[in-house]
Amino acid sequence: MMLPDKGLTDFIAKHTLFSKGDTVLAAVSGGMDSVLMVHLLKSSGFKFAIAHCNFKLRGAEADADQQFCEQLAQQLGAPFHTVSFDTQYHATTQKTSIQMAARELRYQWFEQLRQQHNYTAIALAHHQNDTIETILLNLVRGTGIAGLHGILPKNGHLVRPLLFLSRQQIAHLVSENDLTYVEDSSNASTKYARNKLRHDVIPKLQELNPSLEKTFENNLQHFRDLETLLEIRVAELKHLLTIDGDEVYLQISAVKALNPQKLLLYKLLQDYGFSETSLNDVISVLDKHSGRTFESDTYKLILDRDKLIIVPKSKSTAQGVVINVDEHAAVYGNYKLTLLHDDSPLIIKDNPMAVSVDADKLIYPLQVRAWQQTDSFQPLGMKTRKKLSDFFISLKIPVHQKSQIPLLINGNGEIIWVGGHRLSDRYKVSENTKKVTIFELYKVK
């Protein structure tokens, strides 16, 4: 059997996919590509097991593929794993396409097998033409630079040892070595986007450039080099992100100085899941009023006066709590509020987290809750009421922090204390006060 063993071993070594002492899990459909892959692994002296998925989508044909793969494993002396999936049910329940359902199911199962049997890697039989198809699909659907590097030889535990071969070379090797394989009839259908590219588009491109695979291979290296340069630049800019607990700050002046602005901002904030469209919208309002909010699946981005603030969505408004007359403490969100009753008219000074209140003016039950748009109160030292929203603005409190501030509410609905910031003038200790209640806030998380 004349197989390019050196080509395989050189490619595996170049990309450090795995070594001769490792055992890899080879994903085998029974098609030409995966059959050649396991024959190459065998002839090159690598240890491997075979895994085959039956997606129950092609009836007897799928069952025959499964039987073929089991016989192939016996022929090559490799351990064999197989599983059957109700792919249609998974696609329906997860509201996804059949192709995506099959992909999710097989990769989850491969990883389970890898961990269970301590396989070093999962070998997939992608080749150079698969990379061309992937790049073209990404270009058609829209992509960043990462979408141009194609299929990587190694991505975590997934390895692709056949990327040094084209589809034409694989077909020649299979024919020359008289290797038996099975043909998936769905591969001929052009109703799938990838197949349409394979059968209709790429042949036309090859008419323009008969060396299409070689050209793409060279382009891929350029794209990967550009991606490396971009990652280096982004790493140099990471210092622009100030992390404070679960909050992240980025100065607007720094965003304006980025060049190219959209690309670098997208890469800087990539870990927080914001789309390029969302960040384009952010850039368009950098000089507008603060308070604008943008969302990813897991984070909120708030446009503050001079900075962008990123906070987890899970940091939501805490549930209000009630304090009865006989209670001495309450927990609200990240705070614990304690109550101390005293017969002397003590005034707390120089501690924004504690206040003395005229106890005779308290109407139980009290409540601790977040602010509301209609809230207003008379701040200590002022003779008129003020909207709480205007009070927050005067203190320059960022939008996302407003909902985290605990408000102490009297039984008549009035604000007693904007926790940590200002007492209401109506509840201050005066010369007529007979006894006080001291409220003190503590951070508990």
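Q: Which two helices flank the loop where Lys 95 is found?
A: The model is predicted: local features need pLDDT of at least 70, side-chain atom pairs count only at pLDDT 80 or more, and totals for chains, interfaces and linings use all residues. Residues are numbered from 1 along each chain as its sequence is written, and side-chain values use heavy atoms, without hydrogens and water. Helices (H or I, at least four residues) and strands (E, at least two) are DSSP runs, numbered from the N terminus. The loop with Lys 95 runs between helix H4 (87-94) and helix H5 (98-117).

Q: Is Lys 95 buried or exposed?
A: Buried means under 20% relative accessible area, exposed over 50%, and partly exposed in between, with a 1.4 Å probe and protein chains only. Lys 95 has a positive phi near 55° and is not a glycine. Its relative accessible area is 78%, so Lys 95 is exposed.

Q: What is the phi of Lys 396?
A: Lys 396 sits in the loop between helix H13 (388-394) and helix H14 (399-402). At 59% relative accessibility it is exposed. Although not a glycine, Lys 396 has a positive phi, about 55°.

Q: Which residue does a cis peptide bond join to Asn 259?
A: The residue lies in the loop between helix H10 (252-257) and helix H11 (261-268). Omega of the bond is about 0°. The partner of Asn 259 is Pro 260.

Q: Where is Pro 365?
A: A cis peptide bond joins Tyr 364 to Pro 365, with omega about 0°. Pro 365 belongs to the loop between strand S15 (354-358) and strand S16 (366-369).

Q: Which element supplies the largest share of the largest nonpolar core?
A: A nonpolar core is a set of buried Ala, Val, Leu, Ile, Met, Phe, Trp, Tyr and Cys residues joined through side-chain atoms within 4.5 Å. The largest one has 38 residues. Helix H1 (5-14), strand S1 (23-27), helix H2 (32-43), strand S2 (47-54), helix H3 (60-76) and helix H7 (167-176) each give at least two. The largest share is 7 residues, from H2.

Q: Which two residues touch the most other members of the largest nonpolar core?
A: Contact means heavy atoms within 4.5 Å. One of the two touches Leu 8, Phe 18, Val 24, Ala 26, Phe 46 and Phe 48, not counting residues up to four places away in sequence; that one is Leu 41. Another core of 26 residues lies apart, with Leu 237, Tyr 272, Leu 286 and Leu 301 among them. In the largest core, the two are Leu 36 and Leu 41.

Q: Why do the buried residues of H3 lie on the same side?
A: Ala 62, Asp 65, Gln 66, Phe 68, Cys 69, Leu 72, Ala 73 and Leu 76 are buried in H3. On the other side, Ala 60, Gln 74 and Gln 75 are exposed. The arc is taken over the directions from the helix axis to the C-beta atoms. The buried residues share a side of H3 because their arc around the axis is only 160°.

Q: What is the relative accessible area of Gln 66?
A: Gln 66 is part of H3. Leaving out residues up to four places away in sequence, it touches His 52, Asn 54, Phe 80, Thr 82 and Ser 84. Gln 66 is buried, at 19%.

Q: How many residues of S2 are buried?
A: S2 is among the elements that cover the buried residues of H3, along with H2 and strand S3 (80-84). S2 is largely enclosed by the rest of the structure, because its buried residues number 7 of the 8.

Q: What is the bridge partner of Thr 23 in S2?
A: Two strands pair if DSSP finds at least two bridges between them. S1 and S2 run parallel and are joined by 5 bridges. Thr 23 is bridged to Lys 47.

Q: What do the buried residues of H7 pack against?
A: In H7, Ile 170, Leu 173 and Val 174 are buried. Their arc is only 100°, so they lie on the same side of H7. The face turned away carries exposed Gln 168 and Ser 175. The buried residues pack against H2.

Q: Which are the edge strands of the open sheet of 5 strands?
A: The order is S7-S8-S11-S10-S9, with antiparallel pairing. Each edge strand pairs on one side only. They are S7 (242-244) and S9 (293-295).
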